[in-house]
Amino acid sequence: MNLQRFAQEKTEKATPRRRQKARQQGQVFSSKDLTTALILIASLFIMKFFTKYAVARIMEFIIDNYTYFFNQELTMQNTTVIIIRSINLIFFVIAPLAFVLLLVGVFSSVLQTGLVFNFGLIAPKLERINPIEGFKRIFSKRSLIELLKVIIKVTVIAFFSYDGIKTVKNGIDEMMDMGIEQNIAFFGDVLFKVGIKISFVLLGLSIFDYFYQWYEYEKSLMMSKEDIKEEIKEIEGNPQIKARIRQIQRQMARRRMMQDVKKADVVITNPTHIAVALSYDAEKHDAPVVVAKGAGEIALKIKEIAKEEDVPIVENPTLARTLYKSVEIGESIPQELYQAVAEILAFVYSLKGRRV
């Protein structure tokens with residue numbers, strides 16, 4: 001069994017980080033058919049309830065302008081008037097319809113994908129004009145699904161359109177006895193019913209398309225075990241980089257510790273292998289605090305700084321070893337060491353003229 005090949009197979013669900021990166025790159029799933037179906041349904045209902053208003057405004061426009069120009073000469077001023085009136089007509093008749101349809105389209109897109117901004121998607125890419133990649137897209141599984149959807153849509157539209165034509169054909173005799181407004185209303189009603197039937201069938205197809213797009217999206221995001229390992233390594237960091245960071249952190253902590261030696265009240269030594277610096281401020285601490293400690297070279301460095309800063313150095317091997325092993329930097333000494341440390345501090349303070 002080829003274990004390396006198995007590790008490269010994309011069998012794992014996408015991690016939250018993988019999904020976030022895909023979204024940042026504009027890789028989201030949505031169904032254009034769903035948006036189209038909702039816009040078509042909205043258009044039909046708007047036209048049904050808006051047609052009377054639109055027709056009334058258009059008729060009013062025609063009558064007013066016919067009356068206006070009947071007794072007027074064609075001049076630049078008159079032409080300007082008709083242009084302005086035409087713009088007003090377009091604004092009050094077409095703009096509301098366009099605005100509502102725009103809202104429906106935006107709402108449908110945002111509902112599916114949320115707000116996604118990625119201008120990189122419109123940037124030119126060489127693979128888009130690559131003929132080999134183009135043939136692959138043409139004969140891909142996705143292209144076959146799209147072709148099947150087109151065939152179904154054309155079939156549905158043809159079927160219901162034929163049904164609408166039959167309805168009009170059967171109503172010709174009745175239409176002969178109708179007025180113009182009644183004929184318009186009849187045609188409008190037939191078109192509305194045909195459009196609604198087509199729209200709801202397309203809506204059903206778009207719901208199927210939505211879940212198909214979701215399936216393809218999830219499939220495209222799937223990761224191999226190796227991908228997950230690389231992502232974990234990326235999140236946690238390369239071991240070498242982490243080791244380097246820890247080294248830098250230790251160096252910074254050591255520098256801070258050496259700076260604190262200057263503020264110490266006393267340094268207790270082993271006398272050569274261990275050094276522990278203590279500081280005591282009765283207003284801030286209940287007990288002396290270890291501000292620095294170290295063994296070997298660090299101990300030598302602590303004693304060197306203590307000598308430079310005139311910090312008293314006291315040799316007490318037992319106490320030095322106990323403090324080094326049991327107390328961390330920044331911690332107060334334990335209660336059982338109070339007496340031993342107090343005696344040393346009393347001696348040091350007596351040299352400086354201070355009291356414990």
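Two strands are taken to pair if DSSP finds at least two bridges between them. In this predicted model, a hairpin of that kind joins β3 to β4 through four residues. Strand β3 covers residues 266-269 and strand β4 covers residues 274-279; the two run antiparallel and are joined by four bridges. Within this pairing, V267 has A277 of β4 as its bridge partner, and I268 stands opposite V276 of β4.

The protein chain as a whole has 13 helices and six strands. Of its 356 residues, 28% are buried. Among contacts in the protein chain between residues at least 6 apart in sequence, 74% join residues at least 24 apart.

The hairpin belongs to an open sheet of four strands in the order β5-β4-β3-β6, with mixed pairing. The edges of this sheet are formed by β5 (289-295) and β6 (313-315), each of which pairs on one side only. From one strand to the next, the twist averages 20°. Strands of a sheet pair through backbone hydrogen bonds, in either a parallel or an antiparallel sense. For β4 and β5 the sense is antiparallel, and the pairing extends over six bridges. Two of the facing positions are S279, which stands opposite V289 in β5, and I274, which stands opposite A295 in β5.

Strand β4 is largely enclosed by the rest of the structure, because six of its six residues are buried. In a regular strand, side chains alternate between the two faces of the sheet. In β4, I274, V276 and L278 point one way, while A275, A277 and S279 point the other way, and all are buried. The neighbouring edge strand β5 is mostly covered, with six of its seven residues buried.

Two helices are placed against this part of the chain. Helix α11 (residues 297-308) lies across β3, β4, β5 and β6 and runs at about 125° to β5. Helix α10 spans residues 239-261, and its 23 residues should cover 33 Å at 1.5 Å a residue; the end C-alpha atoms are 33 Å apart, so the expected and computed spans agree. In α10, the residues M257, M258 and V261 are buried. The buried residues of α10 pack against β5 and α11.

The same check of span was applied to helix α6 (residues 141-170). Its 30 residues should span 44 Å at 1.5 Å a residue, and its end C-alpha atoms are 44 Å apart, which agrees. The buried residues of α6 are K149, V156, F160, G164 and V168. One of these, F160, is 35 residues from G195 in sequence, and the two are 8.3 Å apart in space, C-alpha to C-alpha. G195 lies in helix α8. With a relative accessible area of 13%, G195 falls under the 20% cut-off and is therefore buried.

Helix α8 also contributes to the largest pocket. Rolling a probe the size of a water molecule over the atoms shows where empty space is left. In this model, about 650 Å³ of space lies in the largest pocket. The pocket is lined by 16 residues, of which T51, K52, I184, A185 and G188 are the closest to its centre. The elements that give two or more residues to the lining are α3 (32-70) and α8 (180-221).

A further buried position is found in a loop towards the start of the numbering. T15 lies in the loop between β1 (10-12) and α2 (16-24). At 15% relative accessibility, T15 counts as buried. Leaving aside neighbours within four places in sequence, T15 is in contact with M223 and E231.

Terms used:
Residues are numbered from 1 along each chain as its sequence is written. This is a predicted model: local features need pLDDT of at least 70, side-chain atom pairs count only at pLDDT 80 or more; totals for chains, interfaces and linings use all residues. Side-chain values use heavy atoms; hydrogens and water are left out. Axes are lines fitted to C-alpha atoms, for helices over the stretch in contact, and angles run from 0 to 180 degrees between N-to-C directions. Contact means heavy atoms within 4.5 Å. The expected span of a helix is 1.5 Å times one less than its number of residues. Buried means under 20% relative accessible area, exposed over 50%, partly exposed in between (1.4 Å probe, protein chains only). On a 1 Å grid over the protein atoms alone, a cavity is a set of points where a 1.4 Å probe fits but cannot get out, and a pocket is an open set with protein on both sides within 12 Å along at least five of seven lines; lining residues have an atom within 4 Å of a point. Grid points are joined across faces, edges and corners, and a volume is the space filled by probe spheres set on the points.
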